[in-house]
Amino acid sequence: MKNRKSITLFHHIVRTVLLLGLSAYIAYLVESDSLQLYIGIRIMPLVKISALAVYALAVIQGFVAYRTYKGSVIECDCCGNPPEQPWPKASLLYLVLALPLLLGFLLPDTVLGGSFANKKGMIFGVGASPHAASGYLPPTAAAVDSGNLQADPSATSPEDPSASAATGNTEAATVGKSGGATESLDGLFQAENEFEQELAELAKRIYVLPVIRVKPEIYMEILSSVVVFRQPFIGKEIEIAGFVYREPDLTDNQLVVGRIAVQCCTADATPYGVMAEYAGASELKDDTWVKLKGTIGQTDYNGNTIVKIDVTEAEPIERPDNPYIYPNFDFLETSVE
């Protein structure tokens, strides 16, 4: 009987410690602003609530352990007998549960960057959308039909797809000054499906800006708008921040400015980036964070036409507290300025 009591007490104590450890670890991640390095912002509230639930379970287990120690636990058939397992087997089971907690407390937080992109593969230009969660994939840069530009007879469409910055800025000025500005924008950004309709609305908003700032809150959505409706944006000024990444076949004046996108957790993380050409690219080390400013262009890479940035200014910056980006399901309600 005494041996059975000791075994029961042992199990309750270990469970109490594991539950307390889990709730304490979540609280530590929240307090240190490190939780965002592991899960998406949409499920953070649920994880925080779960920490309270786990803590409550730990308190209950602790109370049961205390009563078991005092010998005041009323035995019945509702809970069954304690597990009759050999000590080595039971200890191994608890060790498996405790190991992730120990690693979490002992190892430093790791931020995904260039090495992760090198293993998983960088996706150029196209980001996620509110439809990504339902399995809808945005069209790639190569699949965009540049014939959309011909919908508006008044819109200026250069014969050369690599139009100069002056041409793009002139188009923006024309759209902004004409009495039919809305009609002109509608002609430039014609959507062929529901996904493109939302991107077209965003494209109209960022097109009239003097400088397109790729904000972290709508990072993928802005890039998707630029890629899907690539042609009108050629020559427009853009400002973007991210980590420096390089593919093995890039030239000395080429680099990729990238970000890691997370939907639910870092297990589904995906690297997105934009090709950039800059005379001083070789001076920027991999995985350093930079803010680039330049004009939008296009180039051929691995048989596809992709968006690029002709960089005019490059400024090293500190890595942001939250380096990841997330799909924004309400991106049309987010300010672009």
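This section describes strand pairing, aromatic contacts and two buried elements in a predicted model.

Strand β3 spans residues 237-245. Of its 9 residues, 8 are buried, and the strand is mostly covered. Three pairings involve β3. Strand β2, residues 212-213, runs parallel to β3 and is joined to it by 2 bridges. Within this pairing, R213 stands opposite E239 of β3. Strand β4, residues 254-261, pairs with β3 in the antiparallel sense over 3 bridges. Here V244 has V257 of β4 as its bridge partner. Strand β6 also pairs with β3 in the antiparallel sense, over 7 bridges. Two positions illustrate this register. E239 stands opposite K293 in β6. G242 has V290 of β6 as its bridge partner. E239 thus appears in two pairings, opposite R213 and opposite K293.

Strand β6 covers residues 289-301 and is mostly covered, with 10 of its 13 residues buried. Besides β3, β6 pairs with strand β7, residues 304-317. That pairing is antiparallel and extends over 13 bridges. D300 and T305 of β7 are bridge partners. The two strands form a hairpin, with 2 residues between them. N302 lies in the turn and has a positive phi of about 55°.

Aromatic contacts were examined next. The count comes to 10 aromatic pairs. One of them is formed by Y28 and F105. The ring centres of Y28 and F105 are 6.3 Å apart, and the planes meet at 40°, a tilted arrangement. This pair links distant parts of the chain. Y28 belongs to helix α1, residues 2-31, and F105 to helix α3, residues 87-106. The two residues are 77 residues apart. Y28 has a relative accessibility of 41%, so it counts as partly exposed. F105 has a relative accessible area of 45% and is therefore partly exposed. For both residues the class follows from the limits used: under 20% is buried, over 50% is exposed, and partly exposed lies in between.

Other rings group together. F189, Y207, F229 and F233 form one aromatic cluster. Y207 also has a charged neighbour. The charged end of K236 sits over the Y207 ring, 5.0 Å from the ring centre.

Helix α7 comprises residues 194-207. E196 lies in this helix. The side chain of E196 raises a question of charge: which side chain of opposite charge is nearest to buried E196, and how far away is it? The nearest is R230, 11 Å away. E196 has no salt bridge. A polar contact is present instead. A polar atom of the E196 side chain lies 3.1 Å from the backbone nitrogen of E192.

Helix α8 spans residues 219-228. All 10 of its 10 residues are buried, so the helix is largely enclosed by the rest of the structure. The buried residues of α8 include Y219, M220, E221, I222 and L223. S224, S225, V226, V227 and V228 are likewise buried.

Technical notes
Residues numbered from 1 in each chain as written. Predicted model: local features only at pLDDT ≥ 70, side-chain atom pairs only at ≥ 80, totals over all residues. Heavy atoms only, no water. Buried < 20%, exposed > 50% of the residue type's maximum accessible area, 1.4 Å probe, protein only. Helix = DSSP H or I, 4+ residues; strand = E, 2+ residues; numbered from the N terminus. Pairing = 2+ DSSP bridges. Phe/Tyr/Trp six-rings, centres within 6.5 Å; stacked < 30°, edge-to-face > 60°. Lys NZ or Arg CZ within 6 Å of the ring centre and 35° of its normal. Lys, Arg positive; Asp, Glu negative; His and termini not counted. Salt bridge = Lys/Arg side-chain N within 4 Å of Asp/Glu carboxyl O. Polar contact = N/O pair within 3.5 Å; in protein donor to acceptor, adjacent residues only side chain to side chain.
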